[in-house]
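Colleague: I should like to learn how to read a structure of this kind. May we go through it feature by feature?

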Amino acid sequence: MSPTTLPSAVVTPEQIETGNSLWHDAWSRLRKNRLAVCGGATLLVLALLCAFGPFFTQSYQDQNLDLGASGPSAAHWLGTDTLGRDLFSRILFGGRISMMVGLVATFVALAIGVTYGAVAGFFGGKIDAVMMRIVDIMYALPFTIFVILLMVFFGRNIFLLFFAIGAVEWLTMARIVRGQIISIKKMEYIEAARALGLGKRRIIFRHMIPNILGPIIVYTTLTIPAVMLLEAFLSFLGLGVQPPMSSWGVLIKDGAEKMEEFWWLLVFPGGVFSLTLFSLNFLGDGLRDALDVRSSKD
Amino acid sequence: MSEPILQLNDVKTHFPITRGFLVKRHIGTVKAVDGVNLTVRRGEVLGLVGESGCGKSTLARTILQLVPTTGGTVVLNGRNLATSSARELLAARRDLQMVFQDPYASLNPRMTVFATLAEPLLVHRVCAPADVAARVAELMRLVGLAPRFMQKYPHEFSGGQRQRIAIARALALEPKVIVADEPVSALDVSIQAQILNLLAQLTKKMNLTLIFIAHDLSVVKHISDRVAVMYLGKIVELGLAADVIERPRHPYTRALVSAIPTPNPDTERTRQRIVLAGDPPSPINPPAGCAFHPRCAYAQAQCKLAAPPLVDDGPTREVACVRLADLP
């Protein structure tokens, strides 16, 4: 419904000047933040490596039992695990799973949390009270038991894992969004929108949510590492990804068991995982600063 | 005199104060607007003045139905908005629009001028999507903005320009009545006159009815045909702008008018200010009888008994004061 066509015929003599949106300003601020840019670039490289790397490297599941666990060498850059599988390709392949969990589960959390929080905050009163008490109750449920139950009932399924993590992570997002919505609910541009007779849905999604995207984006970048850690934790418990597939969580778990004899099995997956988390946190930090309205022009 | 377009009958807007978790206890009521009677005629500019906290803005929001009305009727073109269905209210909003106080807060910072002005046109289907751009350009010219700025964002404009955008948005639906809630008080003094003149000009040109809210009588005097003075949720005096300001009747209006500085240094030196003692009383717990009596120089025992109604004082004037006849 948003009109995007440029009214060139109407304003023939003058050239329409396009403005710098707040996004544009935020982007130019972000670009000046070297740490955030490095974080973003690192993430991009890692994502590309994980996405396309496994096509070019050795198989992640071919075993070479004669070789066993061997340290880094020319044939296996990061060494092999106890079954003789190439660690480098296992890390790249595991990265696919970890990143996918990070993105999908975060997206699920985002979609549920933003809508739920916005509705609770916008309507307020009893609706808000009931909705937020439900959130409180869900917070109180032990997450591991919830996931174990899901896995027992529906079997071990990677998409179920995405859903389970997303279904837990949206709670904090809902609280954040609700608070933000309440804080802008009394802004005059929202009253103006109501005075114009715009519908509730339009006010929430066109006028409110775009104005609280800053905190949402920042919290999203913090949710992704949290979700990846959760997946690692679940895999560590044996509830997540099953062999021969791998994820960073699984690799770290295996490495931790054997770190006294075969250090590389822990150091390399752990290093890559830490690098990703650092990058996400730096990027999130940079985004928070860049999107802060107080640092904008006026 | 032209026919009435907007009538407020005993309009009340109260906000409950509650305390307690889960079980809410009602511990009081803020009577922001408490029994306002007002008839606004087509084509007039009605100034509404009063000090901060007297309920001016709440009255504006009540007229627009942005806050729920506690009692009374708000009748626009014969239709009571306070009891209208959502659909009727939506239709009424085409005739009734508002300009807000702070142009820095009243424009969505994520929307271009074009998106801001096009939205009401599209939502109310005022014009075909193909004509929206032409209409937006027309609106911008109407308020003195160059249409080439239509793809810019609010933060790229000055305060005065933003208020022009807000006025254009209010005009987009070609309303009959506009409520302007202190539209110039957030602006630089040098810009205030421009916006006032624009509003006055548009009112004439488009035959608008304007309810102009301010806390500054000199601003109101400049633009209004009639002036209503509010004190603690009620109207205490109503009359032609020149009359009210030259010859105020109600003791509160007298105090307000005496506070207007005059540009002539000689008269300014001898100007007698009526300084009111104390603060305005709390709208949670207003004084019995006339709300103004604790600060009024003419108050007597009878003032504490009942709130005085607005009564005619000559053909064009209404004043709410029981001691009107005795006042000097």
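Modeller: We shall take confidence, overall form, the sheet and one helix in turn. This is a predicted model, in which local features need pLDDT of at least 70, side-chain atom pairs count only at pLDDT 80 or more, and totals for chains, interfaces and linings use all residues. Residues are numbered from 1 along each chain as its sequence is written, while chains are lettered from A and ligands numbered from 1 in the order in which they are written.

Colleague: What average pLDDT does chain B have?

Modeller: The pLDDT is the predictor's confidence in each residue, from 0 to 100. Where it is low, the predicted coordinates should not be read in detail. Chain B averages 89, and 99% of its residues score at least 70. For the complex, the predictor gives an ipTM of 0.87 and a pTM of 0.82.

Colleague: How many helices and strands does chain B have?

Modeller: Helices (H or I, at least four residues) and strands (E, at least two) are DSSP runs, numbered from the N terminus. Chain B has 10 helices and 12 strands. Its radius of gyration, taken over C-alpha atoms, is 21 Å, close to the 20 Å from the globule rule (2.2 Å times the number of residues to the power 0.38) for 328 residues, so chain B is as compact as a globular protein of that length.

Colleague: Which strands form the edges of the open sheet?

Modeller: Two strands pair if DSSP finds at least two bridges between them. The open sheet in chain B has four strands in the order 2-1-4-5, with antiparallel pairing. Its edge strands are strand 2 (25–41) and strand 5 (79–80) of chain B, each pairing on one side only. Strand 1 (residues 4–19) of chain B joins strand 2 of chain B through 13 antiparallel bridges, and Pro4(B) stands opposite Arg41(B).

Colleague: Is helix 3 of chain B mostly covered or uncovered?

Modeller: A residue is buried if 20 or more other C-beta atoms lie within 10 Å of its own, exposed if 12 or fewer, and partly exposed in between, with C-beta atoms placed from the backbone. Helix 3 (residues 113–123) of chain B is mostly covered, with eight of its 11 residues buried; among them are Phe114(B), Leu117(B) and Leu121(B).

Colleague: Against what do these buried residues pack?

Modeller: They pack against helix 4 (132–142) and helix 5 (159–171) of chain B, where contact requires C-beta atoms, placed from the backbone, within 7 Å. After helix 3 of chain B comes Arg125(B), whose phi is positive, near 50°.

Methods:
Two residues are in contact if their C-beta atoms, placed from the backbone, lie within 7 Å.
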